[in-house]
Amino acid sequence: MEVDASPLEDWRGVDIGQIRRQLRMSVEERVRHMVEVANKVMEIRSYVRFVDKPKL
């Protein structure tokens, strides 16, 4: 039986505070935030692919 559950995370390890902050946002704010995060992830992935290419 696991008793050390964090009050800041649900059983999946998801940050409950982040979910609550997003639910307080309007739909437009939430979409804008999601687009910003997706763009940042794509930027990071493209950088990693650039750095990770083998040199010939």
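Is Arg12 buried or exposed? Arg12 is exposed, since its relative accessible area is 54% and the cut-off for exposed is over 50%. The model is a predicted one. Its protein chain contains 2 helices and 0 strands.

**Chain and surface**
- The protein chain has 56 residues, and 2% of them are buried.
- About 5800 Å² of the protein chain is exposed, with 60% of that area coming from carbon and sulfur atoms.

**Salt bridges**
- Side chains of opposite charge can pair when their charged atoms come close.
- In the whole structure, 2 salt bridges are found.
- One salt bridge joins the side chains of Arg12 and Asp10, with an N to O distance of 2.5 Å.
- Another salt bridge joins the side chains of Glu43 and Lys40, with an N to O distance of 3.7 Å.
- Glu43 and Lys40 both belong to helix α2 and are 3 residues apart, which is about one turn of the helix.
- Glu43 is partly exposed, because its relative accessibility of 47% falls between the cut-offs of 20% and 50%.
- Lys40 is also partly exposed, at 44% relative accessibility.

**Nonpolar patch**
- Ile44, Tyr47, Val48 and Phe50 make a nonpolar patch of about 470 Å² on the surface.
- Val48, one of the residues in this patch, is located in helix α2, which covers residues 27–52.
- Val48 counts as partly exposed because its relative accessibility is 45%.

Definitions and conventions: Residues numbered from 1 in each chain as written. Predicted model: local features only at pLDDT ≥ 70, side-chain atom pairs only at ≥ 80, totals over all residues. Heavy atoms only, no water. Patch = residues over 30% accessible without salt bridge, like charges linked within 9 Å, V, L, I, M, F, W, Y side chains within 5 Å. Areas by Shrake-Rupley, 256 points an atom, 1.4 Å probe, with all protein chains shown as cover. Salt bridge = Lys/Arg side-chain N within 4 Å of Asp/Glu carboxyl O. Helix = DSSP H or I, 4+ residues; strand = E, 2+ residues; numbered from the N terminus. Buried < 20%, exposed > 50% of the residue type's maximum accessible area, 1.4 Å probe, protein only.
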